[in-house]
Amino acid sequence: MAGDAIMQINGEKVDNSNALVNTVYENAGQPVDLLIKRDGQEINLTIVPRLPGEFDPAVEGPLGVALTNATNGERISSSPIEAIGGSFSFLWDYISLYARLPSMLINGEITAQEARPVSIVGISQIAGQAAESSATSGNAYPILSIAAFISVALGLTNLLPIPALDGGRIMFVLLEAVRGRRIEPEREGMVHAIGMLVMLGLMALLIVQDIINPIIPMQ
């Protein structure tokens, strides 16, 4: 479907890549109806996304197609109300993707390379590629979408029940509520200090990993 624009999937408007990708993965092995625009004409197609194990996720997805910006510069226009609704939908897509990552990895829908944690080095590589794509296409969507994804990922990670993070502090508050008395500040402080040291060590390992095995290989 090179050069085709996907307008709808199963009757739902496709206004961002997540709407397409999520529906494709959720309907693996089942017929999916697409409305595409080809040479100015709208065409209905029925396809069946491949199941995990029937394709190499390191090379291609269930459909075996690539998603790129329109070569003719065509863009989707939305009203302010549609844009606001789309932003909330976009945010929810990223939150649900974050929650589904473990199951996607176990089921082989994504590779370990795609699911691996990254350091500030890896984040800068991804953001740099998005910025380059935005500059080349004149479309701010790539850089804005990656900025939104990073913000959501950092926010959700900070809520994990890990010492030294806000989620770790919330965990102690809940434990204190269950026990009916406060945990000694010295003990809590020690747990957070150990957690911080472990996180700093993990960050250092991730930085080394992203330098040795970059997210975006050097050309």
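## A walk through the helices and the core

In α7, the buried residues are Glu188, His192, Gly195, Leu206 and Asp210. These buried residues pack against α4 and against α6 (166–179). That gives us a good place to start in what is, please keep in mind, a predicted model. The helix itself passes a simple length check: with 1.5 Å for each residue, the 28 residues of α7 should span 40 Å, and because its end C-alpha atoms are 40 Å apart, expectation and model agree.

Let us step back for a moment and look at the whole chain. The protein chain has seven helices and four strands. Read from the N terminus, its elements follow the order β-β-α-β-β-α-α-α-α-α-α. Of its 219 residues, 24% count as buried. The chain exposes about 14300 Å², and carbon and sulfur atoms supply 63% of that area. Among contacts with a separation of 6 or more, 54% join residues that are 24 or more positions apart.

Where is the largest nonpolar core, and which residues build it? It consists of nine residues: Ile6, Ile9, Val14, Leu20, Val24, Val32, Leu34, Ile36 and Ile47. At least two residues of this core come from each of β1 (5–9), α1 (17–26) and β3 (32–38). The largest share, three residues, is supplied by β3. As background, nonpolar side chains in soluble globular proteins tend to be buried together.

Close to this part of the sequence, Asn10 deserves a look. Asn10 sits in the loop between β1 and β2 (12–13). Although Asn10 is not a glycine, its phi is positive, at about 50 degrees. Most residues other than glycine have a negative phi. Is Asn10 buried or partly exposed? Its relative accessibility is 35%, so Asn10 counts as partly exposed.

Now follow the chain to α2. Helix α2 covers residues 80–106, and its 27 residues should span 39 Å at 1.5 Å a residue; the end C-alpha atoms are 39 Å apart, so the two values agree. Even so, the helix has a feature worth finding on screen: α2 bends by about 50 degrees at Arg100, with a proline, Pro102, following within four residues. The buried residues of α2 are Phe90, Asp93, Tyr94, Ser96 and Met104. Just beyond the helix, Gly108 adopts a positive phi of about 80 degrees.

A little further on comes Arg116, in the loop between α3 (112–115) and α4 (120–137). Is this arginine buried or exposed? Arg116 counts as buried because its relative accessibility is 12%, and the cut-off for buried is under 20%. Which partners does its side chain find? One polar contact, at 2.7 Å, runs to the side chain of Asp210, which is itself among the buried residues of α7. The side chain of Arg116 also reaches the backbone oxygen of Asn213, at 2.7 Å. Leaving aside residues up to four places away in sequence, Arg116 touches Gln209, Asp210, Asn213, Pro214 and Ile215.

The next stop is α5 and the loop that follows. Gly155 belongs to helix α5 (residues 141–158). With a relative accessibility of 35%, Gly155 counts as partly exposed. From Gly155 to Asp166 there are 11 residues in sequence, and their C-alpha atoms are 9.8 Å apart. Between α5 and α6 lies the loop that holds Ala164. Like Asn10, Ala164 has a positive phi without being a glycine, here about 85 degrees. Ala164 counts as partly exposed, because its relative accessibility is 25%.

Ala164 also leads us back to the helix where we began. Its C-alpha atom is separated by 8.0 Å from that of Val191, and the two residues are 27 apart along the chain. Val191 is part of helix α7 (residues 185–212). What does Val191 touch, once residues up to four places away in sequence are set aside? Its contacts are Pro163 and Phe172. At 33% relative accessibility, Val191 counts as partly exposed, whereas His192, the next residue along, is one of the buried residues of α7.

How values were computed. Residues are numbered from 1 along each chain as its sequence is written. This is a predicted model: local features need pLDDT of at least 70, side-chain atom pairs count only at pLDDT 80 or more; totals for chains, interfaces and linings use all residues. Side-chain values use heavy atoms; hydrogens and water are left out. Buried means under 20% relative accessible area, exposed over 50%, partly exposed in between (1.4 Å probe, protein chains only). A polar contact is a pair of N or O atoms within 3.5 Å; within protein, one must be able to donate a hydrogen and the other to accept it, and residues adjacent in sequence count only if both atoms are side-chain atoms. Contact means heavy atoms within 4.5 Å. The expected span of a helix is 1.5 Å times one less than its number of residues. The bend at a residue is the angle between axes fitted to the seven residues ending there and the seven starting there. Accessible areas come from the Shrake-Rupley method with a 1.4 Å probe; for residues, only the protein chains shown count as cover. A nonpolar core is a set of buried Ala, Val, Leu, Ile, Met, Phe, Trp, Tyr and Cys residues joined through side-chain atoms within 4.5 Å.
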